[in-house]
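Ready for a few exercises? Take a look at the structure below, try each task yourself, and then follow the worked solution.

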Amino acid sequence: MKILVIFLLQIKVMRFNMPKSPKIKKRPWIDERVKHSRAVDMSAFYNSSKWRKFSKQFKIDNPICVECERNGLIVKSTRTDHIVRLRDGGGSDLNNLNPKDFQALCTKCHASKSGREAHGYKQGDRGNIAKIK
Ligand SMILES: [Zn+2]
């Protein structure tokens with residue numbers, strides 16, 4: 001019994017000494033945003049069966065990442081990328097998805113392109129990067 005009490009006390013002491021997670025500081029000058037949410041919700045488009053079928057077939061037809069290919073690398077494509085962003089109206093008609101509106105990219109190139117777009121940059125036809133006005 002005595003050993004059990006000592007053991008429980010030790011656990012209590014250990015818990016007391018555990019580092020606590022930092023408190024979230026309120027910064028009123030920054031707009032509060034719901035975690036894990038996007039500014040524009042495109043889930044209805046990407047979850048549709050028409051998109052899934054199109055994207056699956058597109059990756060079969062275009063198995064190599066075009067961006068890596070431009071840089072002399074052969075990398076398997078894993079993403080069907082809207083050349084013009086979906087939110088800007090590129091390839092947004094589910095009943096008329098045209099392969100010309102899309103390019104096959106690998107995960108790394110797609111994340112890189114999405115990041116540039118999110119920060120207001122776009123890639124030109126020759127691969128040059130320019131700030132969107
Ligand atoms: Zn790539």
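**Exercise 1. Which residues of strand β1 (residues 79–82) lie on each side, and are they buried or exposed?**

*Solution.* Start with the terms: helices (H or I, at least four residues) and strands (E, at least two) are DSSP runs, numbered from the N terminus. A residue is buried if 20 or more other C-beta atoms lie within 10 Å of its own, exposed if 12 or fewer, and partly exposed in between, with C-beta atoms placed from the backbone. Now sort β1 by side: R79 and D81 lie on one side, T80 and H82 on the other, and all of them are buried. Both faces of β1 are therefore covered.

Before going on, a word on the source: this is a predicted model, in which local features need pLDDT of at least 70, side-chain atom pairs count only at pLDDT 80 or more, and totals for chains, interfaces and linings use all residues. Residues are numbered from 1 along each chain as its sequence is written.

**Exercise 2. In which sense do β1 and strand β2 (residues 102–105) pair, and over how many bridges?**

*Solution.* Two strands pair if DSSP finds at least two bridges between them. Here β1 and β2 have 4 bridges, in the antiparallel sense. To place the register, note that T80 stands opposite A104, while H82 faces F102. Then look at the two directions of β2: F102 and A104 point one way, Q103 and L105 the other, and all are buried.

**Exercise 3. Which residues make up the largest nonpolar core?**

*Solution.* Such a core is a set of buried Ala, Val, Leu, Ile, Met, Phe, Trp, Tyr and Cys residues joined through C-beta atoms within 7 Å. The set has 5 residues: C65, A104, L105, C106 and C109. Next, follow C109 through its contacts (C-beta atoms, placed from the backbone, within 7 Å). Leaving out residues up to four places away in sequence, C109 touches C65, E67 and C68.

**Exercise 4. Where is L94, and which residues is it in contact with beyond four places in sequence?**

*Solution.* L94 sits in the loop between β1 and β2. With 13 other C-beta atoms within 10 Å, L94 is partly exposed. Its contacts beyond four places in sequence are F45, S48, K50 and W51. For F45, 49 residues away along the chain, the C-alpha separation from L94 is 7.6 Å. Y46, in helix α2 (residues 43–46), is 48 residues from L94 in sequence and 9.8 Å away, C-alpha to C-alpha. Y46 counts as exposed because it has 11 C-beta neighbours inside 10 Å.

**Exercise 5. What span should helix α3 (residues 49–61) and helix α5 (residues 107–118) have?**

*Solution.* The expected span is 1.5 Å times one less than the number of residues. For the 13 residues of α3 this gives 18 Å, and the end C-alpha atoms are 18 Å apart, which agrees. For the 12 residues of α5, the expected span is 16 Å, again in agreement with end C-alpha atoms 16 Å apart. Just after α5, G120 has a positive phi of about 90°. As for burial, α3 is hardly covered, with 0 buried residues.

**Exercise 6. Which element has the lowest mean pLDDT, and which the highest?**

*Solution.* pLDDT is the predictor's confidence in each residue, from 0 to 100. Strand β4 (residues 129–131) has the lowest mean, 59, and helix α4 (residues 66–70) the highest, 97. Across the protein the average is 83, and 80% of the residues score at least 70. Where pLDDT is low, the predicted coordinates should not be read in detail.

Methods
Contact = placed C-beta atoms within 7 Å.
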